[in-house]
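Trainee: Hi, I've just opened this one and don't know my way around yet. Could you walk me through it?

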Amino acid sequence: MNLRFEDEALEDLRKLDEEIHENILHQIYDLEEKPLPENSDVIPLEDGTQMQRLKLQEEDRNSRFNHRVFYNLEDKTIHIYGIFKRKTGYKEMKQKTQQRL
């Protein structure tokens, strides 16, 4: 599988501190080998389409590392649309990600 980062997803990554940025990138690159890991699921969007959500967090939900990566699988490409901190709220994440499609 190939990875394709949308410009907005790259911008989301740039906003993160280096440690979190590297951790998220590592887990995104793991998607090339296993595009549907156990810590991912499907979420519905407001327009009736669906998107994959990769949950990245430590056991302590209040830790600094508690992020979500929104992506889709299309043919042999994984499209990364957005990376958000969980505290942002799912509604806002879904809206922003849907606008990026």
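Mentor: Happy to! Let's begin with two residues in helix 1: arginine 14 and glutamate 11 both lie there, three residues apart, about one turn of the helix. Helices here are DSSP runs of H or I with at least four residues, strands are runs of E with at least two, and both are numbered from the N terminus. One caution early on: this is a predicted model, where local features need pLDDT of at least 70 and side-chain atom pairs count only at pLDDT 80 or more, while totals for chains, interfaces and linings use all residues. Residues are numbered from 1 along each chain as its sequence is written, and side-chain values use heavy atoms, leaving out hydrogens and water.

Trainee: Thanks. What does arginine 14 form with glutamate 11?

Mentor: A salt bridge, with the closest N and O atoms 3.4 Å apart. The term is used for a side-chain nitrogen of Lys or Arg within 4 Å of a carboxyl oxygen of Asp or Glu.

Trainee: And is arginine 14 exposed or buried?

Mentor: Arginine 14 is exposed, with a relative accessible area of 56%. Glutamate 11 is partly exposed, at 37%. The cut-offs are under 20% relative accessible area for buried, over 50% for exposed, and partly exposed in between (1.4 Å probe, protein chains only).

Trainee: How many salt bridges does the count come to by that rule?

Mentor: Four. Among the residues involved, Asp41, Arg53 and Lys55 are linked in a network.

Trainee: Ooh, a network. How far apart are the closest N and O atoms of aspartate 41 and arginine 53?

Mentor: They are 2.6 Å apart in that salt bridge. The pair links distant parts of the chain, with aspartate 41 in strand 2 and arginine 53 in strand 3, 12 residues apart.

Trainee: What about aspartate 41 and lysine 55?

Mentor: Those two form a salt bridge as well, with the closest N and O atoms 3.9 Å apart. Aspartate 41 is in strand 2 and lysine 55 in strand 3, so this pair ties together parts that are 14 residues apart in sequence.

Trainee: How accessible are the members of that network?

Mentor: Arginine 53 counts as buried, at 11% relative accessibility. Aspartate 41 is partly exposed at 25%, and lysine 55 is partly exposed at 32%.

Trainee: Which residue in strand 3 does aspartate 41 stand opposite?

Mentor: Arginine 53, its salt-bridge partner. Strand 2 and strand 3 (residues 50-57) run antiparallel and are joined by five bridges. Two strands pair if DSSP finds at least two bridges between them.

Trainee: Let's zoom out. What does the secondary structure come to?

Mentor: Three helices and five strands. From the N terminus on, the elements run β-α-α-β-β-β-β-α.

Trainee: What order do the strands have in the sheet?

Mentor: The five strands make an open sheet in the order 1-5-4-3-2, with mixed pairing. Strand 1 and strand 2 (40-44) are the edge strands, each pairing on one side only. From one strand to the next, the twist averages 35°.

Trainee: Which strands does helix 1 lie across?

Mentor: Helix 1 (residues 7-14) lies across strand 1 and strand 5 (77-85), at about 40° to strand 5. Helix 2 (residues 18-30) lies across strand 1, strand 3, strand 4 (66-74) and strand 5, running at about 140° to strand 1. For those angles, axes are lines fitted to C-alpha atoms, for helices over the stretch in contact, and the angles run from 0 to 180 degrees between N-to-C directions.

Trainee: Could you show me one residue of helix 2?

Mentor: Try isoleucine 20, which sits in that helix and counts as buried at 8% relative accessibility. Leaving aside neighbours within four places in sequence, isoleucine 20 is in contact with Arg64, Phe65 and His67. Contact means heavy atoms within 4.5 Å. The C-alpha atoms of isoleucine 20 and arginine 64 are 8.2 Å apart, though the residues are separated by 44 positions along the chain.

Trainee: Last topic: what share of the protein's residues counts as buried?

Mentor: Of its 101 residues, 42%.

Trainee: And which residues make the nonpolar surface patch?

Mentor: Met1, Leu36 and Leu73, covering about 250 Å². Patches are made of residues with over 30% relative accessible area and no salt bridge, joining like charges within 9 Å and nonpolar side chains (Val, Leu, Ile, Met, Phe, Trp, Tyr) within 5 Å. Areas come from the Shrake-Rupley method with a 1.4 Å probe, and for residues only the protein chains shown count as cover. Methionine 1 is in the segment before strand 1 (2-5) and is partly exposed at 37%.
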